[in-house]
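User: Please take a close look at one part of this structure, the packed interior, and then explain how that part fits into the rest of the chain. I am in my first year, so please explain each term when it comes up.

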Amino acid sequence: MHADRDVIIIGAGMTGLAAAYHMARGGFSYTILEAAGDLGGVWRSHRWHGARCDSDFVKYSFGFRPHLSDSCLQPREKIHAYLGDVADEFGMRRHIRFGARVLRAAFDTRERLWTVSTSAGEFRARFLVNGNGYFADEPYVPALPGMGGFGGEIVHTSHLDAGRSFPGQHVVLIGSGATAVCCAPELARVCKSLVMLQRSPSYIYEIDNRAGALVRLAQRLHRAGVPGALTALRAGLQLKDDLVFLTFRRFPAVARAFFRRHWLREVGERALREHFTPRYNPWEQRIAVAIGFKAQLRRGAFSIRTAEIERFERSSIRLKNGERLPCDVCVLATGLNLRFFNFALEVDGRPIALEGINFYKGLMVGGIPNYFHPMGSWHSAWTQRLEPNLRLAVRILQHMRSRGFDVVSIPRRELAAAPGITPGYVMRALATLPRLEGTRDLPSIDNVVASRFRAASFAFA
Ligand SMILES: Cc1cc2nc3c(=O)[nH]c(=O)nc-3n(C[C@H](O)[C@H](O)[C@H](O)COP(=O)(O)OP(=O)(O)OC[C@H]3O[C@@H](n4cnc5c(N)ncnc54)[C@H](O)[C@@H]3O)c2cc1C
């Protein structure tokens, strides 16, 4: 048996497209298998009001094709369009098999080949790059008392389309994480009233979204053909992210004071305590970045309640503090479920137990040969670790090509779970999550140290 290409890439989201670029650049042929009918991953599928990134897009866009703009954060549609442009520019579309959902991937050690079974037939390659994302198809929907008897509509943001409006309707948006914070100011424009209902507060940081002087200068230099201007900017922004992360984690009192100052003048002492003072410390969970949140709140376009739900009633939500919120439509911004492997994996006919598997540098997993699973960073822009990891994968393949090796792997090991951040979606899945090793989980350091190729770190055959 032989393969028609070197690498099969699963998924045509940001990870799959970045993998395609780096593999082609390294001289390796590839096919992308994508379950959906279009590329873009989450930037195709998340269509709710206000869906956007919260990482500076000049840093979150690909290093090989940075996105230039006067705005820091970009809406979903622009990111989706950008990914389409990247695919066109680098001739990726002809390598994508849309509508091919991977069901099973089996490695045969004797043949040194992956056979990938999909809804559109079988494909073979020597190497597999898994870019299937890390969210399950179905989002997290908490079981709230009385939901079944509610007479209005309940819709999760994952199933909400920004084209919808709710004229004359009272909408309650449940959640306090990044999704709720992005969604509230926009959803407020298309309904009669909006309440953002949170069980407990999150840290929210409001920005004005205009690119700063340094970003504009670097972009001007880049346009003028000055090499390295944007690379330096992106490295600087990453360093800033990592330093903020470390400082907030190391000095929580300083971090709490920072957020207090950020909100006190805007909302006053009482609302600050009630709605903007989380139980946990900054950067134990991702910090939600807001645009236009303060202005819409000030304008009364929406209001916030912090309370537990007692039960849903026919046309309202009763809170444990006794308040009753009129509600025609309840939008759940209650988050997603994590799922790192979206299909079955086998080696020599034996299914691999994927729960708690060791995850070396966020690139290779224990005991699965010729398999790469490039992962980004939790606390910063995904691409900042993704691309160095992909360059490492290419370096490994080049080493194998030059030395005549066919198989690369790392051993399976038992490790304790030690997540870098601890939001609900991580804690809910903790027992099953891959266990990261061989990285400090700080891209500024990892990109210099951990993603450097050392042949001795891998087993070649
Ligand atoms: C609303 C939102 C905002 C975000 N904002 C940021 C941000 O600001 N910064 C940041 O760093 N990250 C952000 N993220 C995280 C984001 O998920 C990652 O940054 C990144 O886009 C993940 O890309 P991916 O290609 O790995 O996964 P996905 O985008 O999930 O793409 C996976 C692809 O694989 C396909 N697929 C899945 N299973 C199969 C299968 N079995 N067979 C074939 N194809 C399959 C899917 O259809 C999909 O196209 C955000 C996520 C969301 C939802």
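Analyst: What follows starts with the whole chain, turns to the interior, and ends with some single residues.

This is a predicted model, in which local features need pLDDT of at least 70 and side-chain atom pairs count only at pLDDT 80 or more, while totals for chains, interfaces and linings use all residues. Residues are numbered from 1 along each chain as its sequence is written.

The secondary structure of the protein chain comes to 12 helices and 24 strands, where helices (H or I, at least four residues) and strands (E, at least two) are DSSP runs numbered from the N terminus. The radius of gyration is 23 Å, close to the 23 Å that the globule rule gives for 461 residues, so the protein chain is as compact as a globular protein of that length. That radius is taken over C-alpha atoms, and the rule is 2.2 Å times the number of residues to the power 0.38. Along the principal axes, the C-alpha atoms fill a box of roughly 70 × 50 × 40 Å.

Of the 461 residues, 43% count as buried. A residue is buried if 20 or more other C-beta atoms, placed from the backbone, lie within 10 Å of its own, exposed if 12 or fewer do, and partly exposed in between. A nonpolar core, in turn, is a set of buried Ala, Val, Leu, Ile, Met, Phe, Trp, Tyr and Cys residues joined through C-beta atoms within 7 Å.

The largest such core has 70 residues, and those with the most contacts inside it are V7, I8, I9, L17, A20 and L83. Helix α10, residues 383-403, gives the most to this core, with eight residues. A second, separate core holds 46 residues, among them V171, M196, W263 and F302. To see the packing around one member of the largest core, take L83: leaving aside its neighbours within four places in sequence, L83 is in contact with M14, L17, L39, G40 and W43. Here, two residues are in contact if their C-beta atoms, placed from the backbone, lie within 7 Å. Contacts between residues distant in sequence are common in the protein chain, since among contacts between residues at least 6 apart, 70% join residues at least 24 apart.

The protein chain is also divided into domains, whose bounds come from an automatic or database domain assignment. Domain 1 covers 5-137 + 338-460, and domain 2 covers 138-208 + 248-336. Their C-alpha centres lie 32 Å apart, and 19 residues of domain 1 are in contact with 24 residues of domain 2. On the side of domain 1 that touches domain 2, the residues divide into nine nonpolar, six polar and four charged. In this count, Ala, Val, Leu, Ile, Met, Phe, Trp, Tyr, Cys and Pro are nonpolar, Asp, Glu, Lys and Arg are charged, and the others, Gly among them, are polar.

The ligand is surrounded by 30 residues, of which the closest are G11, G13, G41, G133 and W382; a residue counts as near the ligand if its C-beta atom, placed from the backbone, lies within 6 Å of it. This shell has 15 nonpolar, 12 polar and three charged residues. Its largest share, three residues, comes from α1, and both α1 (14-25) and β2 (30-34) supply at least two residues.

Single residues show how burial varies from place to place. F107 sits in strand β4, residues 102-108, and F107 is buried because 25 other C-beta atoms lie within 10 Å. Not counting residues up to four places away in sequence, F107 touches W114, V347, P369 and N370. F458, by contrast, lies in the loop between α12 (443-446) and β24 (459-460), and F458 is partly exposed, with 16 other C-beta atoms within 10 Å. With the same kind of sequence neighbours left out, F458 touches I396, V408 and I410.

Two further residues have a notable backbone angle. Most residues other than glycine have a negative phi. R112, in the loop between β4 and β5 (113-118), has a positive phi near 55 degrees, and K361, in the loop between β19 (358-360) and β20 (364-365), has a positive phi of about 60 degrees. R112 is partly exposed, with 16 other C-beta atoms within 10 Å, whereas K361 counts as buried, with 21 C-beta neighbours inside 10 Å.
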